[in-house]
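Welcome, and please open the model in your viewer. We will go from stop to stop, with something to select at each one.

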Amino acid sequence: MEKLKKRFIIPAVVFILGMCALIGAIYVVGKSQEQQNRTNAKLNAMTYTERIYGELMEGIGVTDSLKQVVISGDGNINRFYDIAANMMDDSIQSIQIAPNGVVSEIYPEESNESSKIDLINDSDRGEISRYARDNDTVIMQGPLELKQGGYGIAVRNPVYLENENGQKSFWGFTIVILKVPEIFSESVEALSSFGYKYSLQKFASPWDDTYEWVYGSKEELNDPVIYDFNVYGYKWRLEILPKSGFYNNRYLLYLFIGGDKL
């Protein structure tokens, strides 16, 4: 009887100890894998926030260029449609000027006639437009649902003219409407092809630190890698998460099955 017990107990103890060692080894491998996946995600987040920043700045640069045209013309802008046509690309829905805060010229004009509004006194755009005017700062509003379809971010750049005495006066705004997601197309497509879920967000306004969704996953990502960046005082945030998660359970299961056979 004693010999029979030893025959079963000793192999059982060895098996249990072996399984404990295997599980411990798998746990270590899993944590190492998770850390490596997070490191890779952080590097990708840094890389693609730089690209997104560059894409945004390129779009905002259109308003800067148009602003210089207005200033050099002392408030007059000749051949607006020709100038705007040369600035257009696939990520821009329209280019506008708003002397005294009232949108007077839009390129392309077709399908955009309803956008000729008084920005300063508009119920939806007035507060943020007055903030841009009073603080001499670029503002970004949106994403807004466009009447032409899709979504866009309105970039308004205040223009001030200076007289011979050095006194500045508000001229109006140069404006570009950036298409979403076209403005981020290269960055977000690359993230998706690399197997990431992502969510791009930004502050609702310069005085409101509530994040609003811009593009990507609308559902809350579970423990993503987060990378913040600033564009003209606006805080933007990119969250990314591997579609299979940082902890690959399937890989660990294969490892367990393979280890169990050794």
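Before the first stop, a word on terms: helices and strands here are DSSP runs, a helix having at least four residues and a strand at least two, and they are numbered from the N terminus. Keep in mind that this is a predicted model.

**Stop 1: a serine in a strand**

Select Ser205, which sits in strand β6, residues 196-205. Is Ser205 buried or exposed? Its relative accessible area is 5%, and buried means under 20%, so Ser205 counts as buried. Now show what surrounds it: setting aside neighbours within four places in sequence, Ser205 is in contact with Ile128 and Tyr234. Add Lys235 to the selection as well. Ser205 and Lys235 are 30 residues apart along the chain, and their C-alpha atoms are separated by 9.3 Å.

**Stop 2: the whole chain**

Zoom out and colour by secondary structure. You will find 5 helices and 9 strands. Followed from the N terminus, the elements run α-α-β-β-α-β-β-β-α-β-β-β-β-α. The chain has 262 residues, and 39% of them count as buried. Among the contacts with a separation of 6 or more, 57% join residues 24 or more positions apart. Switch on the surface next: the chain exposes about 14900 Å², with carbon and sulfur atoms supplying 50% of that area.

**Stop 3: the largest nonpolar core**

Hide the surface and select Ile95, Phe184, Trp236 and Ile240. In the largest nonpolar core, which has 58 residues, these four touch the most other members. Which helix gives this core its largest share? That is α1, residues 2-72, with 9 residues.

Stay with Ile95 for a moment. Not counting residues up to four places away in sequence, Ile95 touches a list of residues that includes Val62, Leu66, Tyr107 and Ile175. Phe80, Ala84 and Met87 are also touched by Ile95, and they lead us to the next stop.

**Stop 4: two helices with a buried face**

Select helix α2, residues 80-87, where Phe80, Ala84 and Met87 are buried. Look down the axis of α2: the buried residues fall within an arc of 55°, so they line one face of the helix.

Move on to helix α4, residues 185-193, with Ser187, Val188, Ala190 and Leu191 buried. Down the axis of α4, the buried residues fall within an arc of 160°, so they too line one face. Turn to the other side of α4 and you meet Glu186, Glu189 and Ser193, which are exposed. Just after α4, click on Gly195, which takes a positive phi of about 90°.

**Stop 5: the largest pocket**

How much space lies in the largest pocket? About 370 Å³. To find the pocket, select Ser115, Arg125, Leu144, Leu146 and Ile177, which are the closest to its centre of the 20 lining residues. Strands β1 (92-99), β3 (139-145), β4 (151-162) and β5 (168-180) are the elements giving two or more residues to the lining. Highlight β3 last: with 3 residues, β3 gives the most to the lining of this pocket.

Methods
Residues numbered from 1 in each chain as written. Predicted model: local features only at pLDDT ≥ 70, side-chain atom pairs only at ≥ 80, totals over all residues. Heavy atoms only, no water. Buried < 20%, exposed > 50% of the residue type's maximum accessible area, 1.4 Å probe, protein only. Arc of directions from axis to C-beta. Core = buried A, V, L, I, M, F, W, Y, C linked by side-chain atoms within 4.5 Å. Contact = heavy atoms within 4.5 Å. Areas by Shrake-Rupley, 256 points an atom, 1.4 Å probe, with all protein chains shown as cover. 1 Å grid on protein atoms, 1.4 Å probe; cavity = no way out; pocket = protein on both sides within 12 Å on 5 of 7 lines; lining within 4 Å. Points joined across faces, edges and corners; volume = space filled by probe spheres on them.
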